[in-house]
Amino acid sequence: MAVFPSLGFGLGLRTDHYSEVLAQRPNVDWFEIISENYMVGGGKPLHYLDQIREHYPMVMHGVSLSIGSSDPLNQDYLRELKHLADRVQPAWISDHLCWTGVGGHNAHDLLPLPYTEEAIRHVASRVMQVQDYLGRQILLENVSSYLTYASSALSEWDFLSAVAEQADCLILLDVNNIYVSSVNHEFDPLRYLTGVPRARVQQIHLAGHTNEGSYLVDTHDHPIPDPVWQLYRETITHLGPISTMIERDDHIPPLAELMVELNCARQIAAEAMAEVTV
């Protein structure tokens with residue numbers, strides 16, 4: 001299993017902040033880009049990407065791999081992904097443990113999988129094919145969910161861990177998604193944290209969500225709420241220091257507002273590690 005260097009604390013690179021990032025060089029350790037936004041022939045996104053890449057480490061995060069689908073892997077997509085990786089030279093590449101379509105139709109959503117041994121074998125086989133093609137390990141992120149399958153025989157964290165072990169891939173742990181699913185499915189989020197293999201957790205996402213009263217929706221369009229910050233503290237306590245990134249996908253705030261959240265993550269991680277070492 002490869003060991004990637006810790007990158008520290010990062011932000012998602014968003015178009016609203018391109019000029020400010022270049023002009024001010026904010027104290028961000030690294031940026032995560034959404035791969036599909038830059039899998040294009042040219043134009044402004046690649047223009048800014050190349051300039052910002054000169055000053056910051058980057059990782060690539062995709063939403064269209066559809067690793068759990070029963071459709072064949074999209075070879076055109078993989079070719080474009082590898083081409084972008086050659087250009088960006090990311091520290092790592094990630095996508096989601098989900099499926100996004102079937103029969104050639106894209107649902108444009110991150111749909112959960114049944115937690116079964118058959119699904120583990122299916123996904124692990126596809127992850128190994130992707131890793132062989134890209135020539136590197138990838139990270140898979142846990143998605144939030146709002147339903148369960150009658151056929152599921154494992155917990156989500158056991159399923160995620162088994163896929164990572166069989167495929168020899170790494171894990172992107174979205175702490176907000178764990179919290180959202182723990183409320184929606186009424187499980188203890190600490191069981192999730194203690195159930196994943198520490199050595200395979202390479203990155204953390206932090207984000208906000210929408211409270212619909214009887215359930216939570218993983219909208220990534222709000223500030224990080226207190227319960228997610230508390231779960232992040234528990235995550236660092238259990239798993240140790242891990243590259244952490246603030247992920248805002250809609251209602252993009254000013255960069256200064258995200259910097260406040262980033263510094264809050266730095267402080268919480270430092271406090272958690274200090275408590276561990278006392």
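**Figure 1. The lining of the largest pocket, sorted by residue class.** By class, eight nonpolar, 10 polar and six charged residues make up the lining of the largest pocket. Please keep in mind, here and in the views that follow, that this is a predicted model. The volume of the largest pocket comes to about 530 Å³. Its lining counts 24 residues, and the closest to the centre are His96, His108, Asp109, Leu110 and Asp218. If you would like a place to start looking, try strand β6, residues 105–111, which gives the most to this lining, with five residues.

**Figure 2. The second largest pocket, with a volume of about 260 Å³.** Here 16 residues form the lining. Those nearest the centre of this pocket are Ser64, Ser66, Asn74, Thr100 and Asn106. Two or more residues of the lining come from each of the elements β5 (99–102) and β6. Of the elements, β5 gives the most, with three residues. Sorted by class, the lining of the second largest pocket holds five nonpolar, nine polar and two charged residues.

**Figure 3. The largest cavity, with about 70 Å³ of space.** Searching the whole structure turns up two cavities of 30 Å³ or more, and this view shows the largest. Its lining is made of Leu97, Pro112, Leu113, Tyr115, Asn142, Val143, Glu156, Phe159, Leu160 and Tyr192. Helix α5 supplies the largest share of that lining, three residues. Glu156, Phe159 and Leu160, which you will meet again in Figure 5, are also among the buried residues of α5. In terms of class, the lining of the largest cavity divides into eight nonpolar residues, one polar and one charged.

**Figure 4. The second largest cavity, with about 30 Å³ of space.** Around this cavity you will find Ser35, Gly62, Leu65, Tyr77, Leu81, Ile93, Ser94, Asp95 and Ile138. The elements that give two or more residues to the lining are α3 (75–88) and β4 (93–96). The largest share, three residues, comes from β4. By class, this lining has five nonpolar, three polar and one charged residues.

**Figure 5. Helix α5 (residues 156–167) and the elements its buried residues pack against.** With 12 residues at 1.5 Å a residue, α5 should span 16 Å, and its end C-alpha atoms are indeed 16 Å apart, so the two values agree. The expected figure is 1.5 Å times one less than the number of residues. Buried in this helix are Glu156, Trp157, Phe159, Leu160, Ser161, Val163, Ala164 and Ala167. These buried residues pack against α4 (117–134), β7 (139–141), β8 (170–174), α6 (175–185) and α7 (189–195). After the helix comes Asp168, with a positive phi near 55 degrees.

**Figure 6. Helix α4 and the neighbours of its buried residues.** The 18 residues of α4 should span 26 Å at 1.5 Å a residue, and the distance between the end C-alpha atoms, 26 Å, agrees. Its buried residues are Ala119, Ile120, Val123, Ala124, Arg126, Val127, Val130, Gln131 and Leu134. They pack against α3, β4, β7 and α5. Two of these elements, α3 and β4, will be familiar from the lining of the second largest cavity in Figure 4. Just after α4, Gly135 takes a phi that is positive, about 75 degrees.

**Figure 7. Cys98 and Cys264, two cysteines in their settings.** How many disulfides does the model hold? The count comes to zero. For Cys98, the closest cysteine sulfur is in Cys169, 13 Å away, and because a disulfide needs sulfur atoms within 2.5 Å, that is too far for a bond. Is Cys98 buried or exposed? Its relative accessibility is 0%, so Cys98 counts as buried. Cys264, in contrast, counts as partly exposed because its relative accessibility is 27%. Cys264 lies in helix α9, residues 255–277. To place Cys264 in the fold, look for Trp229: the two are 35 residues apart in sequence, with 8.9 Å between their C-alpha atoms.

Technical notes: Residues numbered from 1 in each chain as written. Predicted model: local features only at pLDDT ≥ 70, side-chain atom pairs only at ≥ 80, totals over all residues. Heavy atoms only, no water. 1 Å grid on protein atoms, 1.4 Å probe; cavity = no way out; pocket = protein on both sides within 12 Å on 5 of 7 lines; lining within 4 Å. Points joined across faces, edges and corners; volume = space filled by probe spheres on them. Nonpolar A, V, L, I, M, F, W, Y, C, P; charged D, E, K, R; others polar. Buried < 20%, exposed > 50% of the residue type's maximum accessible area, 1.4 Å probe, protein only. Contact = heavy atoms within 4.5 Å.
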